[in-house]
Amino acid sequence: MTAQGLNPPSPPMPDAERLAAAIDGLAEFHDSTRPGWSREVFSEPYRASREWVRARMADAGLDPVVDAAGNIVGRLPGARGGGPALVTGSHTDTVPLGGRFDGIVGVLSGIEVATRLRETGTVLEHDLLVVDFLGEEANEFGISCMGSRSVAGVLEAGHLNRVDGSGVRLGDALDGFGVDPSAALRQAWRAGDVHAYVELHIEQGPLLERSGERIGVVTAIAGIDRLLVNFAGRAGHAGTTPMADRHDALVSAAAAVLTVDRVGCGAPVHGVATSGYIRSGPGSMGVISDHARLWAEIRSVDGSWLAGARRRIVDEIAAEAAARGVEIDVEWLSDQDPVPTAPALRDTIGAAADELGLSWKAVPSGAGHDAAHLARLGPMGMIFVPSRDGRSHCPEEFTPASDIAAGAHVLAATLLRLDRS
Ligand code: HGY
Ligand code: MN
Ligand code: MN
């Protein structure tokens with residue numbers, strides 16, 4: 001144990017092969033009937049994988065517990081433990097037909113770093129928590145980051161009444177997964193519980209790879225506004241109804257998809273807009289659609305652009321639908337503001353990368369992360385490693401083991417520095 005204030009001990013090198021094997025091991029838990037890796041929240045592969053993650057944390061001596069929101073929380077006791085903790089982690093659920101690295105890298109690297117600290121007898125002053133947060137990805141409930149919202153105290157009772165495409169309530173889905181929804185609403189960590197939170201994650205975009213830098217020091221996490229637009233038109237015979245007389249819900253929804261794209265393409269700063277999917281009916285070629293639903297999202301690290309884009313999208317969709325005599329109803333499913341990382345942690349991560357001789361650059365995160373919610377509890381920072389071809393949320397998602405190990409090494413060096421701050 002080194003005394004307070006002296007230079008932190010040299011960060012132990014992660015075991016790159018063990019970390020790569022862990023990533024491969026977790027990748028086994030997926031719906032093998034579909035391409036890529038599908039391990040969505042509440043799915044059977046996800047349920048089975050939670051037991052595997054908990055066992056790995058136990059093997060690492062982290063004495064894991066599953067909290068009231070279903071988060072798996074491992075703890076490496078510090079010399080002056082019991083006070084504000086160092087926290088790292090991420091998520092292990094995937095999008096449908098996703099990849100093997102998004103979120104997974106952060107959870108398994110956290111376990112690897114804790115393992116290396118124990119193996120080298122490097123005792124931190126603070127407790128180190130390694131967390132696998134429940135349900136980070138976007139889902140049909142419209143509530144991502146379920147577990148990190150709970151610990152940050154922003155999982156709300158109203159969220160539990162959201163339903164997915166088949167009408168299941170989020171509260172019932174949590175209950176079926178062994179989570180007590182009401183307890184999940186009441187287990188917020190106190191702001192003083194977190195000394196600092198640092199999350200390692202793949203960039204999921206092209207900036208690092210294009211720059212040739214090894215490490216990304218994240219400046220801000222994009223705000224994400226997700227919306228559901230209901231279109232109500234009028235059914236009719238596809239063959240006999242003149243075009244001018246139609247109130248076609250599906251056509252208005254399709255026009256809305258182009259509106260969403262146009263708003264995103266018009267962003268003068270970092271701003272993007274994406275239509276996720278449409279559901280319409282009655283779903284026969286011989287019938288004009290009388291209802292349609294569009295799920296879409298807009299994102300930006302610039303809060304003022306985001307606010308303007310929200311207004312423009314709704315105004316333009318409404319005007320187009322009105323011109324067709326189609327009525328709309330807009331429900332904003334989530335409105336997560338942009339979250340800057342803590343400047344002090346950016347400096348610490350940059351210094352850690354410098355110490356290890358790894359080049360780095362400051363990058364924004366277009367992706368959302370659990371870290372955006374943990375920022376409510378203490379200083380938050382994120383470390384990125386490159387994504388090949390900038391691809392993610394697809395089977396092509398890939399980051400070489402050497403880059404992941406480098407990211408884990410920077411995580412270790414950052415935690416050691418923060419431990420003395
Ligand atoms: O969708 C996202 O931004 C993240 O990958 N959950
Ligand atoms: Mn992620
Ligand atoms: Mn993701």
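This note goes through the ligand site and the adjoining metal site of a predicted model.

1. Ligand 1 sits in the largest pocket, where the residues surrounding the ligand are Asp102, Glu136, Glu137, Gln204, Arg299, Ala367, Gly368 and His393. By character, this shell divides into 4 charged residues, 3 polar ones and 1 nonpolar one.

2. Polar contacts to ligand 1 involve both side chains and backbone. A polar side-chain atom of Arg299 lies 2.5 Å from an oxygen atom of the ligand, and a backbone N or O atom of Gly368 is placed 2.7 Å from an oxygen atom of ligand 1. On the side of Glu137, an N or O atom of the side chain is 2.9 Å from a nitrogen atom of the ligand. Taken alone, ligand 1 exposes 220 Å², of which the protein buries 95%.

3. The manganese ion (ligand 3) is coordinated by Asp102 through OD, by Glu137 through two OE entries and by His393 through NE2, at 2.0 to 2.7 Å. Asp102, Glu137 and His393 are also listed among the residues around ligand 1. The spacing of the donor residues of this ion in sequence is D-x34-E-x255-H.

4. Asp102 also acts as a bridge between the manganese ion (ligand 3) and the manganese ion (ligand 2), the two ions lying 3.5 Å apart.

5. As for the chain segments that meet at the manganese ion (ligand 3), Glu137 belongs to the loop between β4 (128-133) and α4 (146-152), while His393 belongs to the loop between β15 (380-385) and α13 (401-419), so the pair ties together parts that are 256 residues apart in sequence.

Technical notes:
Residues are numbered from 1 along each chain as its sequence is written. Chains are lettered from A and ligands numbered from 1 in the order in which they are written. This is a predicted model: local features need pLDDT of at least 70, side-chain atom pairs count only at pLDDT 80 or more; totals for chains, interfaces and linings use all residues. Side-chain values use heavy atoms; hydrogens and water are left out. A residue is near a molecule or strand if one of its heavy atoms lies within 4 Å of it. A polar contact is a pair of N or O atoms within 3.5 Å; within protein, one must be able to donate a hydrogen and the other to accept it, and residues adjacent in sequence count only if both atoms are side-chain atoms. Accessible areas come from the Shrake-Rupley method with a 1.4 Å probe; for residues, only the protein chains shown count as cover. On a 1 Å grid over the protein atoms alone, a cavity is a set of points where a 1.4 Å probe fits but cannot get out, and a pocket is an open set with protein on both sides within 12 Å along at least five of seven lines; lining residues have an atom within 4 Å of a point. A molecule sits in a cavity or pocket if more than half of its atoms lie within 2 Å of its grid points. Ala, Val, Leu, Ile, Met, Phe, Trp, Tyr, Cys and Pro count as nonpolar, Asp, Glu, Lys and Arg as charged, and the others, Gly among them, as polar. Donors are N, O and S atoms within 2.8 Å of the metal (3.2 Å for Na, K and Ca); water is not among the atoms, so sites may look incomplete. Helices (H or I, at least four residues) and strands (E, at least two) are DSSP runs, numbered from the N terminus.
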